[in-house]
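Me: I am new to this structure and would like a close look at a single part of it. Please start with the charge that sits over a ring, and then go on to the sheets and the way the copies are related.

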There are 2 protein chains.
Amino acid sequence: MSDGTTTGQDEGTEHVDLLVIGAGSGNTLPHPDHHERRILVADDAPWFGGTCLNVGCIPTKMLVHVADLLRDARDGERLGLRDVTGRVDWRAVRDRVFGRIDEISTSGEEYRRSGEPNIGLVRETVRFVDPRTVRSASGRTIEADRIVVAVGSRPRALPGAPFGAFDGRVHSTDTIMRIDELPRRIAIIGGGVSACEFAAMFSGFGVEVTQLVRSSLLRGYDTELTDRFTAVARDEWDVRTGVSDPEVTAHGDVLRVRAGDETVDVDLVLVAAGRVPNTDRLGSREIGLDHHDDGRLVVDAYQRVLAGGEVVPGLFALGDVDSPHQLKHVANEEARIVRQNLFADDADLVANTLAPVPHAVFTHPQIAVFGRTLDAARAEGLDAFEVVHEYGWTAWGWALEDTTSFVKLVVERGSGALVGAHIMGPDAAILVQPLVTAASLGHSVRGLARAQYWPHPAASEVVENALLRAEEEL
Amino acid sequence: MSDGTTTGQDEGTEHVDLLVIGAGSGNTLPHPDHHERRILVADDAPWFGGTCLNVGCIPTKMLVHVADLLRDARDGERLGLRDVTGRVDWRAVRDRVFGRIDEISTSGEEYRRSGEPNIGLVRETVRFVDPRTVRSASGRTIEADRIVVAVGSRPRALPGAPFGAFDGRVHSTDTIMRIDELPRRIAIIGGGVSACEFAAMFSGFGVEVTQLVRSSLLRGYDTELTDRFTAVARDEWDVRTGVSDPEVTAHGDVLRVRAGDETVDVDLVLVAAGRVPNTDRLGSREIGLDHHDDGRLVVDAYQRVLAGGEVVPGLFALGDVDSPHQLKHVANEEARIVRQNLFADDADLVANTLAPVPHAVFTHPQIAVFGRTLDAARAEGLDAFEVVHEYGWTAWGWALEDTTSFVKLVVERGSGALVGAHIMGPDAAILVQPLVTAASLGHSVRGLARAQYWPHPAASEVVENALLRAEEEL
């Protein structure tokens with residue numbers, strides 16, 4: 001059958017070898033090795049290819065980059081540029097970005113629908129009937145020897161600011177990137193990664209941004225990093241911390257956001273207050289699967305889903321639906337683990353052990369982090385210390401006339417193990433990589449700076465110097 | 001004695017434990033461990049602190065960065081920016097850069113002159129009398145148990161375009177950065193690293209640049225890299241290759257450069273045609289030290305200078321005067337080697353083995369390279385292959401709308417050893433580092449991409465993907 005299914009004994013029940021629910025990282029699972037397996041991929045999103053491609057990492061970074069160009073040029077006045085002007089043609093940027101992305105998404109869907117004879121596409125919501133069976137919204141019943149849950153997460157809704165309210169002027173991160181005109185003023189509710197990325201982007205484009213945050217920006221990050229980030233952010237946009245339960249009301253063209261004692265009038269509201277796993281849409285509680293408090297599925301080291309603490313045979317999960325990280329590169333790694341374990345004997349199972357897990361925040365200034373803060377390391381009983389090296393202490397920092405950017409390393413005293421890295425500043429997302437490389441290969445900070453050349457006077461010298469500083473403290 | 005010398009038996013001969021000739025990387029040699037040694041540092045340059053700080057890596061990059069800001073913003077039109085304007089206030093940039101550098105240089109000299117009681121400064125040219133004795137221009141004779149030659153290199157002069165000619169309108173890289181006004185038109189003679197950096201800088205600032213090159217741009221680099229670089233450069237400035245023996249003549253305010261059939265009229269000329277080691281000023285041939293054909297001193301793996309193929313006791317060299325690399329980070333590493341070996345017993349000598357040696361070219365687009373080209377690897381008998389991954393095939397490349405940038409890896413087939421990396425594109429100088437880290441730690445490309453996370457969608461994914469591609473070919 002062209003959609004990869006066979007109809008079994010039960011009238012109307014389709015049987016497949018593999019059902020993948022969610023076409024983000026889940027869609028990377030089918031492999032040439034599976035050409036004799038009957039496979040279905042189910043996805044009910046209005047787009048195809050998952051959050052990252054359509055409404056997440058990729059379009060945001062394509063937009064952020066343009067905003068950074070404008071901001072960097074303006075900032076050049078500090079360095080000796082003059083009369084710098086420029087503006088964004090928002091529609092041109094948007095249409096370029098989504099022209100590219102939508103085409104990838106569309107051709108990805110087309111390929112999945114008809115590109116391989118053993119694979120079919122179910123373009124609707126499916127819910128569990130039992131751990132090997134799902135039923136689709138239109139009434140299809142699909143039984144599968146293996147099911148992979150890769151349904152991801154969605155923006156968290158806030159009661160006082162429902163998505164789509166006031167003629168669509170209250171946005172989620174799913175919709176904000178496709179607006180027709182940049183607003184003059186925007187309120188961004190939330191202080192996490194996405195909220196900070198959009199705040200920097202809109203601010204870079206010249207929009208008046210007010211960010212409303214329940215506690216503080218980037219809560220849970222190293223406190224020196226969040227303090228320094230907040231200080232820089234406040235130079236660029238209005239940050240109001242410690243405000244909760246925002247309520248949006250409309251007054252003609254104006255949206256009024258009230259939260260505690262704060263009131264702000266804007267043209268658009270973006271609610272970017274975290275994400276929730278899509279397990280509620282999946283019926284996973286009803287069939288007894290184990291869930292974390294935040295709604296994520298519980299998996300073991302082999303990405304197998306648990307129920308009552310026991311492995312459910314044939315049931316795997318990957319990505320935001322189980323991972324605490326909400327990171328595309330983690331979802332992809334989990335997909336690789338699942339692919340290896342899906343049809344493997346127990347003896348051949350591969351555990352998911354890849355560490356450390358870095359991530360970048362493409363806000364301004366850029367941030368990259370992996371591992372623990374000093375407090376967290378100490379709370380775990382590690383005899384750890386931290387060192388800081390400022391960009392401004394290196395030649396590249398002189399070129400930038402940088403006064404705010406830094407690299408912080410958290411190191412275990414005895415072993416010299418690098419247990420955390422916290423970088424804020426230009427190119428943080430790339431600068432972190434040699435630290436990831438070394439830590440992943442099991443190398444401590446001892447001797448690491450001097451085991452390799454660092455091209456002078458590249459930005460990476462700030463990492464080299466942080467490592468030297470760490471060694472001095474060992 | 002406050003200048004660290006004692007007067008010995010011979011009337012007028014000063015005796016010290018250590019004489020360092022050259023205050024660039026040489027000036028990093030004296031160490032707290034040496035507090036009981038009598039040390040002199042000699043340097044005759046008009047500036048203090050060596051080429052890199054005063055007329056090399058650091059000020060060029062501080063200038064290049066500003067030019068890049070302007071160019072990137074203008075390039076933003078491609079991405080959806082509009083009405084981008086801006087200009088450089090050259091004097092503001094120059095004075096900011098050299099205000100900072102000159103202060104570091106001056107305070108460095110002051111510290112070296114009087115900061116430590118055992119160390120003195122000889123601020124004049126010295127020449128060898130014998131391998132343990134030098135005489136200064138003013139007639140001081142200094143005998144030292146150890147001498148370290150760190151006299152570096154200087155811009156190569158061309159007979160047809162003498163530095164300083166036509167009222168100082170023919171510049172070397174030593175003088176070009178301190179000009180009072182940007183020229184409207186400049187001719188840059190040379191196709192190497194410095195020439196390409198200055199061409200990109202002046203072009204970024206809006207100067208009409210004509211680059212005249214004997215053979216091709218960046219000769220000796222990977223030919224695909226040089227071809228692609230030349231194509232991008234030609235979109236930005238006028239590149240004339242295959243022209244030799246330039247002759248500059250003046251016609252009023254105009255300088256005319258003729259080379260072969262090419263003629264170009266400009267306001268200023270920069271001759272950036274390579275560098276020559278300063279051994280001729282040192283009298284090192286006259287005392288029988290061994291020299292390479294290009295004038296560099298011959299050293300062994302311990303940085304000891306040779307004469308007639310034999311180690312000259314107590315005589316070391318470091319930096320451009322012996323190194324084929326002409327790189328500050330290599331000079332600094334050689335200084336660390338010399339520091340360890342200077343007063344060590346033969347059994348404790350440390351060899352200089354650090355590899356690979358990366359370097360970056362801060363031109364536009366940026367370039368970073370280490371190791372061999374495929375041709376060079378094969379010429380050495382390696383069973384090697386190369387892979388290319390384009391920036392444009394990664395999400396970050398989409399953000400840049402990049403069509404020219406790439407990562408090329410040269411890999412030995414059997415071992416998987418990474419024998420070369422050739423990167424052209426934004427942030428190449430940083431992107432190369434995880435490859436340097438892994439190669440320096442002895443890790444092959446086998447498993448390297450998947451041994452670590454690469455934060456999505458950072459620019460470093462182009463390196464990750466190049467590594468995956470290389471593994472497929474193994």
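Reply: Arg37(A) lies over the face of Phe343(A), at 3.6 Å from the ring centre. In chain B, the charged end of Arg37(B) sits over the ring of Phe343(B), 3.6 Å from its centre. A charge counts as sitting over a ring if NZ of Lys or CZ of Arg is within 6 Å of the ring centre and within 35 degrees of the ring normal.

This is a predicted model, in which local features need pLDDT of at least 70, side-chain atom pairs count only at pLDDT 80 or more, and totals for chains, interfaces and linings use all residues. Residues are numbered from 1 along each chain as its sequence is written, chains are lettered from A and ligands numbered from 1 in the order in which they are written, and side-chain values use heavy atoms, with hydrogens and water left out.

Next, the sheets. Chain B has an open sheet of 5 strands in the order β21-β22-β25-β24-β23, with antiparallel pairing. Strands are DSSP runs (E, at least two residues), as are helices (H or I, at least four), numbered from the N terminus; two strands pair if DSSP finds at least two bridges between them. At the edges are β21 (359-361) and β23 (384-390) of chain B, each pairing on one side only. On average, neighbouring strands of this sheet are turned by 15° against each other, direction ignored. Helix α11 (residues 433-440) of chain B packs on the sheet and touches β22 (367-371), β24 and β25 of chain B; contact means heavy atoms within 4.5 Å. The direction of α11 makes about 170° with that of β25(B). Such angles run from 0 to 180 degrees between N-to-C directions, and axes are lines fitted to C-alpha atoms, for helices over the stretch in contact.

Within this sheet, β24 (residues 406-412) and β25 (residues 418-424) of chain B pair in the antiparallel sense over 6 bridges. The bridge partner of Lys408(B) in β25(B) is His422(B).

Now the copies. A turn of 180° and a shift of 0.0 Å along the axis lay chain B on chain A with an RMSD of 0.0 Å. The two copies are thus related as by a two-fold rotation axis. In chain B, the C-alpha nearest the axis is that of Pro434(B), 2.1 Å from it. The superposition is by least squares on the C-alpha atoms of residues with pLDDT of at least 70 in both copies. Because 100% of the interface residues of chain B are also interface residues in chain A, the copies meet through the same surface.
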